[in-house]
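Biologist: Let us go through the charged pairs here. Please keep the answers short.

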Amino acid sequence: MVRERVLDLLLRVAERKPRDFTGLGVVFYTSLAHLPHLALGQSLPTGLGLPVAGAESVAITLAKVSGRASAWHDGFHFVDAHSLALTHLCQFLSPGIPHEFSQSEGASPMGARHMTAQLVSRLQGIECVGLLTNQDVLTLFERGAQVHTVKVK
């Protein structure tokens, strides 16, 4: 199941996060056709080619780019839900706010990254969105609902 693989990947990142970790947002997708997004950088970090395949390699890469010292720590990163390959880094997302949307739909977002994750998880082609905060809280959103939250350390 996708959820277990996603949680495993995010826990691997948590184990490897740098001291200056700023938090992490990862979109697990089957299609990006309905997700408005824009790269926040013009080029990839030196020595990194995308896609990055394999859970261990993806976790190492996500941990490396998630420190304050990295120009790539902001935005959301994209992982193909089937292959678990990292395909995009540092993306600005603009999911739109549905008229009928209510925060009471299963989540209690605390900030912009949480709200964005909740809204993006409602879109067609998005399996889930995972967050890891700088306070070591892992949260998973599926279909607009917060379905998993755990303190990892």
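What follows is a set of questions and answers on salt bridges.

Modeller: This is a predicted model, where local features need pLDDT of at least 70, side-chain atom pairs count only at pLDDT 80 or more, and totals for chains, interfaces and linings use all residues. Residues are numbered from 1 along each chain as its sequence is written, and side-chain values use heavy atoms, with hydrogens and water left out.

Biologist: How many salt bridges does the structure hold?

Modeller: A salt bridge is a side-chain nitrogen of Lys or Arg within 4 Å of a carboxyl oxygen of Asp or Glu. By that rule, the count is seven.

Biologist: What N to O distance joins Asp-8 and Arg-12?

Modeller: Both residues sit in helix H1 (residues 2–16), four residues apart, so about one helical turn separates them. Helices here are DSSP runs (H or I, at least four residues), numbered from the N terminus. Their side chains meet in a salt bridge at 3.0 Å.

Biologist: Which residue of helix H2 pairs with Arg-12?

Modeller: The partner lies 44 residues away, in helix H2 (residues 55–65). The N to O distance is 2.7 Å. The residue is Glu-56.

Biologist: Is Glu-56 buried, partly exposed or exposed?

Modeller: Buried means under 20% relative accessible area, exposed over 50%, partly exposed in between (1.4 Å probe, protein chains only). Glu-56 has 31% relative accessibility, so the residue counts as partly exposed.

Biologist: Which residue of helix H1 meets Glu-56 at 2.6 Å?

Modeller: This pair also forms a salt bridge. The two residues are 40 apart along the chain. The helix H1 partner is Arg-16.
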